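Take a moment to look over the chain as a whole before turning to its parts. The paragraphs below go from the overall picture to the helices, and then to a single residue.

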Amino acid sequence: MDEKFSRVFDVTLATIGLTLEILALSGIVSIGVGFAGFALSIYHLIRATRKE
């Protein structure tokens, strides 16, 4: 996979994860979805910022 596309993909998934977390905190979705979104965002933010 191209390096630029990979970073855009990781940042996009991290943004989706943070959105799920915000929705869980406001009570729209369940807390389990919020935890999954948090884990998704942390993992992909680490991948996007990692030096290779």
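**Two helices and what lies between them**

The accessible surface of the protein chain comes to about 3900 Å², and 72% of this surface belongs to carbon and sulfur atoms. The model is a predicted one, and its protein chain contains two helices and zero strands. Along its principal axes, the C-alpha trace spans about 35 × 15 × 10 Å. Of the 52 residues in the protein chain, 21% count as buried. Among the contacts with a separation of 6 or more, 47% come from residues that are 24 or more positions apart. As for charge, the protein chain has 5 positive and 5 negative charges, and the mean positions of these two groups are 4 Å apart.

Begin with helix α1, which covers residues 3–25. This helix has 23 residues and reaches 33 Å from its first C-alpha to its last, close to the 33 Å expected at 1.5 Å a residue. The residues S6, D10, L13, A14, G17 and A24 are buried in α1, and the buried residues of this helix pack against α2. Just after α1 comes G27, which takes a positive phi of about 90°.

Helix α2 is made up of the 19 residues 31–49, which should span 27 Å at 1.5 Å a residue, and the distance of 27 Å between its end C-alpha atoms agrees with this. Which residues of α2 are buried? They are G34, G37, S41, H44 and A48. Because these residues cover an arc of only 105° around the axis, they are on the same side of α2. On the other side of α2, by contrast, I31, F35 and I46 are exposed. The buried residues of α2 pack against α1, just as the buried residues of α1 pack against α2.

A closer look at one residue ties these points together. H44 has its place in helix α2, and with a relative accessibility of 7% it counts as buried, because buried means under 20%. Which residues does H44 contact, once its neighbours within four places in sequence are left aside? H44 is in contact with D10, L13 and A14, and these three residues are themselves listed among the buried residues of α1. A further pair to find in the model is H44 and E3, which are 41 residues apart along the chain, while their C-alpha atoms are separated by 14 Å.

Note on methods. Residues numbered from 1 in each chain as written. Predicted model: local features only at pLDDT ≥ 70, side-chain atom pairs only at ≥ 80, totals over all residues. Heavy atoms only, no water. Helix = DSSP H or I, 4+ residues; strand = E, 2+ residues; numbered from the N terminus. Buried < 20%, exposed > 50% of the residue type's maximum accessible area, 1.4 Å probe, protein only. Contact = heavy atoms within 4.5 Å. Areas by Shrake-Rupley, 256 points an atom, 1.4 Å probe, with all protein chains shown as cover. Lys, Arg positive; Asp, Glu negative; His and termini not counted. Charge placed at Lys NZ, Arg CZ, Asp CG, Glu CD. Expected span 1.5 Å × (residues − 1). Arc of directions from axis to C-beta.
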